[in-house]
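The following note sets out points for a colleague who is examining this model at the bench. The points are numbered for ease of reply.

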Amino acid sequence: MNIHPLLRPLALAACTLALVAPVKAQDFPPKKPVTLVVGFAAGGAADAAARLIAKKLGENIGQQVVVDNKGGAGGNIAHQFVANAVPDGSVLLLGSIGPLTIAPHLMKLPYDPFKDLAAVSGGVNFPNVLVVHKATGVKTLAEFVQLSKKNPGSVDFASTGAGSASHLAGELFNQRAGIDMVHVPYKGGAPALQDLLGERVASYFSAPPTAMPHVEAGRLVPLATTGLTRPAYLPGIPTVAESGFPGFEALNWYAFVAPGKTPAALLDRWNREIVAVLNDPVVKEALDKHGLTPQPTTRAELTAFMKKESAQWAAIIKERKLTAE
């Protein structure tokens, strides 16, 4: 077939695209092992969610997805690792509220969550539950607020660390209730819970799976949960919002992100795969048993959500004059 000289470059380009397209189509799944990084040690909520989701992801794409726990610095180490990882679609991160939307306003980080990491999909969320030890003598949130107002600066609350979700939940409640609880940071949930049970700290915005066994045993008193609605697994505990503070919401959440320069086509494909897993009835049931609510989103929805969260916590941090301590 004769081709006009002026059209030859176009024909050559078309042939080149035809050759390249199949190669690019083979980039998913990546030819090397897929890693899902988690910023916390094995055994916690993030790890449980990651392992459940990674298993199904691997089954769906026909390739194992390995969970890599990189704990430390409240999750910041894992986030920095993924921000610097090769952006070829082989590395994902189950990012968390602290490093993505709180820590940037408390300290100088070696990565920018909105530039060095790329949104893929929402993951899971769960509310905290505010619990107190029995010696406080309070049984409702209203009584707890009254106790705090009668004793300004003497009622304290534990957290899993400065800048954590449990810390900011307490500071948000300080702002909304007009009280001044004293923050007592711990290096994780276990020591925080231990001191609460030992009556060395008055209260704790705890993950439900951590606190509820002690509530059921009668050692702790639950006052309220921090989501807008009561979780199905805690129907008898009111929310902060319905206890006199409309609109109060302070969720723990985890979301899927990737290295910032990962090609959009790979991010879109990972979004479709993750959303499919989060909508899978078996996975949803398994997550529910851990008190985790699936939160599948589009990439744009996750970015908008993160920006909203970041703005809210930035305002609280500024108003409360918080530091990384």
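1. This is a predicted model. In it, strand β4 (residues 117-127) and strand β10 (residues 251-259) run antiparallel and are joined by nine bridges. Within this pairing, proline 127 stands opposite leucine 251 in β10.

2. β4 and β10 belong to an open sheet of six strands, whose order is β2-β1-β3-β10-β4-β11 and whose pairing is mixed. Its edge strands are β2 (65-69) and β11 (293-294), each of which pairs on one side only.

3. Helix α2 (residues 45-61) packs on this sheet and touches β1 (34-38), β2, β3 (91-96), β4 and β10. The direction of α2 makes about 160° with that of β2. A further helix, α9 (residues 264-278), lies across β1, β3, β4, β10 and β11 and runs at about 15° to β4.

4. How do α2 and α9 pack against each other, and at what angle? Their axes are 10 Å apart, and the angle is about 120°; the two helices are therefore oblique to each other. The crossing is right-handed. On the α2 side, the contact is made by Ile53, Lys56, Leu57, Asn60 and Ile61; α9 contributes Trp270, Glu273, Ile274, Val277 and Leu278. By class, the residues of this contact comprise seven nonpolar, one polar and two charged.

5. A second open sheet should be considered separately. Five strands form it in the order β7-β6-β8-β5-β9, again with mixed pairing. The edges are occupied by β7 (182-185) and β9 (220-225); each has a single partner strand, so one side of each is left without a neighbour in the sheet. From one strand to the next, the twist averages 30°.

6. Inside the five-strand sheet, β6 (residues 156-159) and β8 (residues 203-206) run parallel and are joined by two bridges. Phenylalanine 157 stands opposite serine 203 in β8.

7. Two helices should be noted alongside these strands. Helix α6 (residues 165-177) lies across β6, β7 and β8, at about 150° to β6. Helix α7 (residues 189-197) packs on the sheet and touches β5 (129-133), β6, β8 and β9; the direction of α7 makes about 145° with that of β8.

8. On confidence, the mean pLDDT of the chain is 91, and 92% of its residues reach 70 or more. Over residues 1-26, however, the pLDDT is below 50. Beyond near neighbours in sequence, that stretch has three contacts in the model. Where pLDDT is low, the predicted coordinates should not be read in detail.

Conventions:
Residues are numbered from 1 along each chain as its sequence is written. This is a predicted model: local features need pLDDT of at least 70, side-chain atom pairs count only at pLDDT 80 or more; totals for chains, interfaces and linings use all residues. Side-chain values use heavy atoms; hydrogens and water are left out. Two strands pair if DSSP finds at least two bridges between them. Helices (H or I, at least four residues) and strands (E, at least two) are DSSP runs, numbered from the N terminus. Contact means heavy atoms within 4.5 Å. Axes are lines fitted to C-alpha atoms, for helices over the stretch in contact, and angles run from 0 to 180 degrees between N-to-C directions. Angles under 35 degrees count as roughly parallel, over 145 as roughly antiparallel, 65 to 115 as roughly perpendicular and the rest as oblique. A crossing is left-handed if the near helix is turned anticlockwise from the far one by less than a right angle, and right-handed if clockwise. Ala, Val, Leu, Ile, Met, Phe, Trp, Tyr, Cys and Pro count as nonpolar, Asp, Glu, Lys and Arg as charged, and the others, Gly among them, as polar. pLDDT is the predictor's confidence in each residue, from 0 to 100.
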